[in-house]
Amino acid sequence: MFDDLRDLYQEVILDHGRKPRNFRRLEDADRTARGDNPMCGDRLELFLKLGPDGSIADAAFQGRGCAISTASASLMTETVKGKSSAEAHALSDRFRALAMTGTCPDCGADLADEMERLQPLSGVHEFPSRVKCATLAWHTLNTALDSAPGEIKEASSE
Amino acid sequence: MSFDVQRIRQDFPILSQTVRGKPLVFLDSGASAQKPRAVIDAMVRCMEERYANVHRGAYFLSEAATEAYEAARGAVARFINAADPREVIFTSNSTMAINLVAHSWGRGVMKAGQAVLISEMEHHANMVPWQMLRDAGRGIELRVARVTDAGELDMDDVAAKLADGKVGLVAITHMSNVLGTVTPAERLVAMAHAAGAKILLDGSQAAVHRRVDMQALGADFYAFTGHKLYGPTGIGVLWARLEHQERMPPFLGGGDMISMVTLDRVEWAPPPAKFEAGTPPIVEAVGLHAAIDYVAAIGMPAVEAHERGLVDHAMRRLSDIEGVALLGRAQDRGGVFAFSLDNAHSHDLATLLDRAGIAVRAGRHCAEPLHARFGVEAGTVRASFGLYTTEGEIDYLAEALTKAREFFA
């Protein structure tokens, strides 16, 4: 009945949806932001620990959401570790292009490994009502990177 | 007329289509119902043959359109057994009907120190207007009656919140859009009046599923919408007693709602025109009239009996599925079922069901406080039935839910 849905719900997504990685609070986070999708009630809080050079030393999240949004947040925390703020922003832009169109023609060679890891989420582009589920964590990442230490801003999925 | 669901289905052109290669199983009538051919044709005919603005042109087409618009008011009045067609105010939907009362009665008639009593199971349409009234700095309090674990209105709590006589208006749903619970409207009317309060019932769901009789019910205001009643979007109804309409200041100002205007002074038109500013939903009124004729020809008792069969069937089938938790188990309920599946988020589940051709709503169904009350902030999936829903469709939903649980296992 649901065979064709394996494109959207690939095993990687179901796995990260059930057992999200880095699903914890970082008590000593340097940047924190909240993401909220009021349409469906998805909520997450993202924590970033920055290294001396400003790169992302650790990333973690907590919250509740559907399999797509949870898996996206989980994969994101894995792929942004070690990235500079500029690289993380670039990855975020590319991921959103992937989620909305299914491809990323301008992605280039840098960040190719990371984009490959995120590829399982590309199927979401065929489900317009679900694209926001996949992008919520990434909007929250941008907000966290652009906020000041100690400030907690809200990111919207819009 | 005997109720033949297969014949009825043929009256709804949209139902014969396939979605993603599967026959459409439309289980979202609680959000908006599909339209029978009779409604579509009536609206087309109105625009092709009988269309002009109403209440103003001294020419054939305008007079014909005015007649059709007022005939629709008469049809609505008969459908709900109103004592007088002037008790029927056309709005754009239930939301506008309730906002009209919140504005014209809440701000125009209620006094500081009075309270409005709603319940935890209200749709946002019957919650937010009252929160806005509470927050308008007019000294009006908002009280919220509790809902029991079974999803019924806590009548002891209603009584307790009416006890001090400060409640000026009770505004409660006649049927929950999430729980399916039908509230004891007659009892609520009696309790409100005994406490010196007026009562508004939100009949957005109930008017579709039950025969509602304004004279028997004895409420003060009753709101419902056309698009859930197999009619078009853009038209709703506020039934309001004439004596209340007389006391209420207008809601919106403009053309058609005045009897005289000078630069210094205006006089309001008599009810219900006083509350129908601007060009009204003319084509939509014609469509609503056709929808009411359609439903009335089948007969509300037959519609109700069909739905009771569907509700019993759904209760049996959905309760049997492992991992499915129904929200609310009210004794008196209509064809609306909200539920969650233990291993799937409501949006993932709705996406799966969509692939099987099943249209359901996922989320919190404009009733966030109710979902918080039941601890399901992540939302539920809601299946809601119409007069074209079949037991076979419910069986198919049950089969899909069983397979969805395996999918997410």
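**Close-up views of a predicted two-chain model**

**View 1. Arg20(B) counts as exposed, because only a count of 10 C-beta neighbours is found inside 10 Å of this residue.** A residue is called buried if 20 or more other C-beta atoms, placed from the backbone, lie within 10 Å of its own, exposed if 12 or fewer do, and partly exposed in between. The model is predicted, so local features need pLDDT of at least 70 and side-chain atom pairs count only at pLDDT 80 or more, while totals for chains, interfaces and linings use all residues. Residues are numbered from 1 along each chain as its sequence is written, and chains are lettered from A and ligands numbered from 1 in the order in which they are written. Arg20(B) sits in the loop that runs between strand E1 (18-19) and strand E2 (22-23) of chain B; helices (H or I, at least four residues) and strands (E, at least two) are DSSP runs, numbered from the N terminus. The phi angle of Arg20(B) is near 50 degrees, which is a positive value in a residue other than glycine.

**View 2. His365(B) is a buried residue in a loop of chain B, between strand E16 (361-363) and H14.** Around His365(B) there are 24 other C-beta atoms within 10 Å. The phi angle of His365(B), near 50 degrees, is positive although the residue is not glycine. Most residues other than glycine have a negative phi, and most peptide bonds are trans.

**View 3. Pro271(B) and Pro272(B) are joined by a cis peptide bond.** The omega angle of this bond is about 0 degrees. Pro272(B) belongs to the loop between strand E12 (266-268) and helix H11 (282-298) of chain B.

**View 4. Helix H15 of chain B covers residues 391-408.** At 1.5 Å a residue, the 18 residues of this helix should span 26 Å (1.5 Å times one less than the number of residues), and the end C-alpha atoms are 26 Å apart, which agrees. Several residues of H15(B) are buried, including Glu393(B), Tyr396(B), Leu397(B), Leu401(B) and Phe408(B). Seen down the axis of H15(B), the buried residues fall within an arc of 150 degrees (taken from the directions from the helix axis to the C-beta atoms), so they line one face of the helix. The face turned away from this buried side carries Gly392(B) and Glu406(B), both of which are exposed.

**View 5. Domain 1 (5-31 + 300-408) of chain B meets domain 2 (41-296) of chain B.** These bounds come from an automatic or database domain assignment, and the C-alpha centres of the two domains lie 28 Å apart. The contact (C-beta atoms, placed from the backbone, within 7 Å) takes 24 residues from domain 1 of chain B and 21 residues from domain 2 of chain B. On the domain 1 side, helix H12 (300-319), strand E14 (336-341) and helix H14 (368-373) each supply at least two of the residues that touch domain 2. The largest share of that side, five residues, comes from H12(B).

**View 6. Pro128(A) is exposed, in the loop between helix H4 (112-118) and helix H5 (131-146) of chain A.** Within 10 Å of Pro128(A) there are 9 other C-beta atoms. Although Pro128(A) and Met100(A) are 28 residues apart in sequence, their C-alpha atoms are 8.0 Å apart in space.

Technical notes. Two residues are in contact if their C-beta atoms, placed from the backbone, lie within 7 Å.
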